[in-house]
Amino acid sequence: MVPAQRLPASLTPLDVALAALLERIEPVAPVEVPLAGALGCVAAEMPPLKAHPVRDTAVSDGWALHARDLVGASSYSPLPLSAAPVWVDAGDVMPEGCDCVIDADCVDQNGPLFQVLADARPGQGVRRTGWDIAEASTFSDFAAGRQIRPLDLVIARTNGLDSFNVRRPRLRIVGIPASSGEVVTAPLIAENAQAAGTEVVCVEAAGRDVVSVANTLENDACDMLVTIGGSGVGRNDSTIAAIARCGEVLAHGIALQPGRTAATGRIGNVPVVALPGAVDAALAAWWTLALPLLDRLSGLWPRARLTLPLARKIASSVGIAEVVLLEQVEEAWLPLAVGDLSLLTIARADAWLVVPAPSEGFAAGTTVGAYMLRD
């Protein structure tokens, strides 16, 4: 009989658990993926870009002319042209010797005679060579280390590229069957992982016993393992024992609310994060332990935080890090929940932050930085 899992007498501080988990973790090697599969992944180094447009092009429909030849032209002093101007549509390459495009009503045509009724400046109505993309620009200038956005794909397509170099960690999610039979948390974590730009494989253990869980902890085809459920201290919770059988447990029992029964470990060189089965506890451990690990593996730049003053105070227990959910109300953060997070509150929240274990919270009006849950 396998003894029930037990939490240590003292919980591991969140920052200590995270530091041990991230030790010796390096970004994964870049892979080339089709543009259709690159959205949301973290960009790696790319070859230099070609200039775009490759030649001066018209921005609008009109007459292509040379600005220096139009000096002084006006409706009061029309300027006759010695030769017929060239009409261009938006996107056309500019004719040789022309550096501006003027509107149709700025040129008066009377038979073969053309008169210009307005002057123009060089470049008016023209997109210069390299205006959108300068020659030898690189994606590294603006995209490397960041998640790929639709606009980044526009740059790639404009340059004739059909693939992107990305760092996309391979994540294996192991769901432990819930006693209630509900399957809620694992799909939520998988969807969060996919949004973070990972390649996700989801499996479910055949049972909650040590052998069943251990049989799913394969580490030969993934960069990170996440288990969901079975990390508590119940008689049927065997996840931590399974991790210990296959590798080592770094910390079980994190000073995190919610999420005390979360754990970290390592199987070979693959880091493991054991998330509790409850949605709120799983999300708290995902945000504070698993997501920083994924960011390190993908080479993501530090996530941006939105800094605003608090609309009211946050009271927190000393000795344990507490997750706080926030709603943005005008130009301030309104705390919705501290430590205990209902599903409706999670759905309503715009952002989250962690109150460090040594802190009693923050007074109203304090400026705090929070991680966004919505774009």
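## A walk through the model, starting at Asp 295

Select Asp 295 first: leaving aside residues up to four places away in sequence, Asp 295 touches Leu 300 and Arg 303. Keep in mind as you click around that this is a predicted model. Asp 295 sits in helix H6. Is Asp 295 buried or exposed? Its relative accessible area is 13%, and the cut-off for buried is under 20%, so Asp 295 counts as buried.

**Next stop: helix H6 and its neighbour H3**

Now widen the selection to all of H6, residues 279-298. This helix lies across strands E12, E14, E17 and E18, and its direction runs at about 165° to that of E18. Add helix H3, residues 185-195, in a second colour. The axes of H3 and H6 are 10 Å apart, and the two helices pack at an angle of about 25°. Angles under 35 degrees count as roughly parallel, so that is the label for H3 and H6. Their crossing is right-handed.

Which residues meet where H3 packs against H6? Show side chains for Thr 185, Leu 188, Ile 189, Asn 192 and Ala 193 on the H3 side, then for Val 279, Ala 282, Leu 283 and Trp 286 on the H6 side. Sorted by class, this contact has seven nonpolar residues, two polar ones and no charged ones.

**Under the helices: the six-stranded sheet**

Hide the helices for a moment and look at the strands. You should find an open sheet of six strands in the order E13-E12-E14-E18-E17-E15, with mixed pairing. At the edges are E13 (199-204) and E15 (248-252), each pairing on one side only. From one strand to the next, the twist averages 20°.

Zoom in on the E13 end. Strand E12, residues 170-175, runs parallel to E13, and six bridges join them. To see one of these pairs, pick Leu 171, whose bridge partner in E13 is Val 200. Then bring back helix H5, residues 239-246. H5 packs on the sheet and touches strands E14 (224-228), E15, E17 (263-267) and E18 (270-275). The direction of H5 makes about 145° with that of E15.

A handy thing to know while side chains are on display: in a regular strand they alternate between the two faces of the sheet.

**Over to the three-stranded sheet**

Select E1, E11 and E2. They form an open sheet in the order E1-E11-E2, with antiparallel pairing. Strands E1 (31-34) and E2 (42-43) are at the edges with a single partner strand each, so one side of each has no neighbour in the sheet. Between E1 and strand E11 (residues 163-167), which run antiparallel, there are four bridges. Click Pro 34 and you'll find Ser 163 of E11 standing opposite.

**A hairpin: E21 and E22**

Move on to residues 321-329, which make up strand E21; E21 pairs with E22 in the antiparallel sense over six bridges. The two strands form a hairpin with two residues between them. One of the spots to check is Glu 330 in the turn, which has a positive phi of about 55°. Val 329 stands opposite Ala 332 in E22. Now colour E22 (residues 332-338) by accessibility: five of its seven residues are buried, so E22 is largely enclosed by the rest of the structure.

**Last stop: Ala 156**

Finish in helix H2 (residues 150-158), where you'll find Ala 156. Its relative accessibility is 0%, which means Ala 156 counts as buried. Draw a C-alpha to C-alpha distance from Ala 156 to Leu 49: these residues are 107 apart in sequence and 8.6 Å apart in space.

Conventions: Residues numbered from 1 in each chain as written. Predicted model: local features only at pLDDT ≥ 70, side-chain atom pairs only at ≥ 80, totals over all residues. Heavy atoms only, no water. Pairing = 2+ DSSP bridges. Axes fitted to C-alpha atoms, helices over the stretch in contact; angles between N-to-C directions. Contact = heavy atoms within 4.5 Å. Parallel < 35°, antiparallel > 145°, perpendicular 65-115°, else oblique. Left-handed = near helix turned anticlockwise from the far one by under 90°. Nonpolar A, V, L, I, M, F, W, Y, C, P; charged D, E, K, R; others polar. Buried < 20%, exposed > 50% of the residue type's maximum accessible area, 1.4 Å probe, protein only.
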